[in-house]
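Work through these exercises with the predicted model open beside you. Try each task before reading its solution.

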Amino acid sequence: MVMMVTEGNDSCGSGVQYHTTSSSSSPAQSRQQRQKVEVYNEILRRLKDSGEEEAMQPGFHDQLWAHFNRLPTRYALDVNVERAADVLMHKRLLHLAHDPANRPSIEVRLVQVHPISDGNSADTFESDAPGIECGQSSSKYSSRQSILPPPAFGSSPNLEALDLQANDSEDIEEEQSVHANVQYSRPMHEITISTDDKPKLLSQLTALLAEIGLNIQEAHAFSTTDGYSLDVFVVEGWPYEETEKLKAALEREVLKKIEGQVGSSQLLVSSVDESDQAKMKTELDHLAIPNDGTDVWEIDPKHLKYGTQIASGSYGELYKGVYCSQEVAIKVLKAEHVNSELQREFAQEVYIMRKVRHKNVVQFIGACTKPPRLCIVTEFMSGGSVYDYLHKQKGFFKFPTLLKVAIDISKGMNYLHQHNIIHRDLKGANLLMDENCTVKVADFGVARVKTQSGVMTAETGTYRWMAPEVIEHKPYDHKADVFSFGIVLWELLTGKLPYEYLTPLQAAIGVVQKGLRPTIPKNTHPKFVELLERSWQQDPTSRPDFSEIIEILQQLAKEVGDGEERHKDKSGGLLSVLRRDVDDID
């Protein structure tokens with residue numbers, strides 16, 4: 001699943017103890033917990049005041065609290081309390097999803113997305129609603145405006161604000177502002193889908209919506225504590241009067257492409273050479289991976305010594321360990337989550353990493369391919385990830401060091417591209433540092449060998465760093481990595497998370513539909529600004545190759561180094577290392 005970032009679910013007691021909070025909670029957690037309880041109480045009051053039959057049933061208080069408690073806290077913080085009935089609808093869909101015969105449980109309705117008012121909105125506006133002439137008022141349409149409900153989670157002011165910022169909103173003419181309001185005044189369809197949660201579900205759903213011609217304007221995705229999903233999309237692109245037809249089309253496509261697991265598993269191996277596809281197969285006692293007879297990488301588990309756990313995710317765990325007296329990192333797939341799809345990804349990663357040899361790519365040592373203990377062994381990178389350094393340790397890179405890091409990444413990526421490997425998930429978390437602060441590209445779980453046609457069509461990656469053509473499920477090539485690299489450069493420069501005030505999917509919508517890009521700080525070196533802007537061009541052909549990026553960065557590093565030397569009598573240490581690295585071209 002794409003990957004999206006999720007939150008833990010909170011518990012604040014049972015029965016009538018809805019106001020209980022943990023004494024060990026942080027102030028922010030306690031505040032969110034209080035807000036969650038307040039939303040629960042307000043929803044409960046509104047449902048009872050409206051005479052909802054379900055709300056009058058014995059035990060409803062506990063059922064409603066259980067609904068809030070199985071979902072992330074942000075569900076309560078984001079839901080529109082004025083639409084209490086929507087919470088009942090979400091509760092009903094999740095209940096239906098428990099029965100495989102009811103999956104997917106889908107609700108589709110028309111909603112009215114109102115613009116963010118600036119107090120200057122015109123009384124009349126153009127409309128492309130059916131049967132309404134442009135520039136004319138319509139009592140029918142005005143009536144529908146007042147009748148249609150708002151979306152369950154409202155609209156995204158952060159997305160609007162960033163969009164305006166990206167387009168120099170201070171200089172936008174009044175006519176353009178009115179046109180922007182028009183777009184958010186039309187009726188749209190809200191799609192709510194619940195099913196059993198699974199890897200890449202959100203990616204599959206967004207791809208499916210795009211395939212049937214829908215443009216996502218808003219998206220909210222939640223996973224429950226007991227393994228179900230609740231995904232809400234506000235979309236355009238379907239005739240207003242055909243809501244039931246849209247629901248039927250969605251049920252048909254989700255059943256065929258997601259519930260039946262058609263498509264995603266086929267895409268996972270579509271990029272492997274055809275001659276090797278037949279060889280890459282899964283069996284009960286062994287995972288077969290193509291082998292040319294010269295590369296010996298199968299590791300006997302008895303020779304692995306596990307040390308401390310470094311990290312843990314939904315589907316795998318990372319350990320520091322020892323193999324033949326060498327410190328290593330051991331990535332283990334969790335046995336309870338090993339299925340055919342994860343096995344294919346595992347096989348793909350081994351297939352690619354076994355031949356990779358470069359000082360700026362994490363060194364593959366071997367793998368255990370006999371289920372249930374599937375693991376990949378690589379060199380241990382003691383410096384951790386660039387992401388952790390920037391966002392958890394609150395570190396920062398001075399500009400000369402930043403350029404050295406960027407050159408390291410570029411060299412690793414250039415090597416991969418020269419060998420027709422597209423990484424597809426380039427971001428700070430997949431860039432690791434050794435004890436000498438050399439940065440290496442890591443994590444080939446979703447990497448792909450480029451097909452003979454030179455383009456790929458399976459989407460993957462992490463939304464905040466993802467190229468627009470990948471988000472839109474269009475054919476793409478190695479230039480998708482260059483876009484991600486541009487976002488990584490900005491991350492190195494600012495130490496911030498890209499689009500930090502947006503959810504990952506909202507950021508993706510902004511990138512594709514609004515040309516949203518991170519704001520480059522003032523006083524950034526002009527040549528660095530130019531590289532950033534070229535790297536994240538909407539048109540992939542306008543982005544530079546990594547071979548050119550290396551030349552640009554090395555020339556810039558030389559200029560910065562020369563400038564430092566002119567202003568300091570003692571440059572020493574880092575600059576000397578930097579200059580040696582700049583001159584060291586593979």
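**Exercise 1. Give the strand order of the open three-stranded sheet, and find its edges.**

Solution.
- Start with the order. The open sheet of three strands reads β12-β14-β15, and its pairing is antiparallel.
- Now find the edges. β12 (384-385) and β15 (439-441) each have a single partner strand, so one side of each has no neighbour in the sheet.
- Check one pairing. β12 and strand β14 (residues 431-433) run antiparallel and are joined by two bridges. Serine 385 has leucine 432 as its bridge partner in β14.
- Add the helix. α14 lies across β14 and β15, and runs at about 30° to β15.

**Exercise 2. Trace the open sheet of five strands and name its edge strands.**

Solution.
- Read the order. The strands run β7-β8-β9-β11-β10, with antiparallel pairing.
- Look for one-sided pairing. β7 and β10 each pair on one side only, and these are the edge strands.
- Take the twist. On average, neighbouring strands of this sheet are turned by 25° against each other, direction ignored.
- Count bridges for two pairs. Eight bridges join β8 to strand β9 (residues 326-333) in the antiparallel sense. Glycine 321 is bridged to valine 328 in β9. Four bridges join β10 to strand β11 (residues 375-379), again in antiparallel fashion. Here phenylalanine 364 has threonine 378 in β11 as its bridge partner.
- Finish with burial. How many of the five residues of strand β10 (residues 364-368) are buried? Four are, and the strand is mostly covered.

**Exercise 3. Classify the ring pair of tyrosine 306 and tyrosine 319, and say what it ties together.**

Solution.
- Set the scene. The whole structure holds eight aromatic pairs.
- Apply the geometry. The ring centres of tyrosine 306 and tyrosine 319 are 5.4 Å apart and the planes stand at 90°; planes over 60 degrees apart count as edge-to-face, so this pair is edge-to-face.
- Place the residues. Tyrosine 306 is in strand β7 (residues 304-312) and tyrosine 319 in strand β8 (residues 316-323), so the pair ties together parts 13 residues apart in sequence.
- Judge the exposure. Tyrosine 306 has 33% relative accessibility and counts as partly exposed. Tyrosine 319 has 15% and counts as buried, because the cut-off for buried is under 20%.

**Exercise 4. Do the same for phenylalanine 399 and phenylalanine 528.**

Solution.
- Geometry: this aromatic pair is edge-to-face, with 5.4 Å centre to centre and 80° between the planes.
- Position: phenylalanine 399 is in helix α14 (residues 399-418) and phenylalanine 528 in helix α18 (residues 526-535). The pair links distant parts of the chain, 129 residues apart.
- Exposure: phenylalanine 399 counts as partly exposed at 22% relative accessibility. Phenylalanine 528 counts as buried at 0%.
- Extension: ring pairs also link Tyr40, Trp65, Phe68, Tyr75 and Phe222 into a cluster.

**Exercise 5. Describe how helix α2 packs on helix α4.**

Solution.
- Angle and distance: α2 (residues 60-70) and α4 (residues 84-96) pack at about 80°, with axes 11 Å apart. α2 is therefore roughly perpendicular to α4.
- Contacts: from α2 come Phe60, Gln63, Leu64, His67, Phe68 and Arg70. They meet Val87, Leu88, His90, Lys91 and Leu94 in α4.
- Character: the contact residues comprise six nonpolar, three polar and two charged.

Key
Residues numbered from 1 in each chain as written. Predicted model: local features only at pLDDT ≥ 70, side-chain atom pairs only at ≥ 80, totals over all residues. Heavy atoms only, no water. Phe/Tyr/Trp six-rings, centres within 6.5 Å; stacked < 30°, edge-to-face > 60°. Buried < 20%, exposed > 50% of the residue type's maximum accessible area, 1.4 Å probe, protein only. Pairing = 2+ DSSP bridges. Contact = heavy atoms within 4.5 Å. Axes fitted to C-alpha atoms, helices over the stretch in contact; angles between N-to-C directions. Parallel < 35°, antiparallel > 145°, perpendicular 65-115°, else oblique. Nonpolar A, V, L, I, M, F, W, Y, C, P; charged D, E, K, R; others polar.
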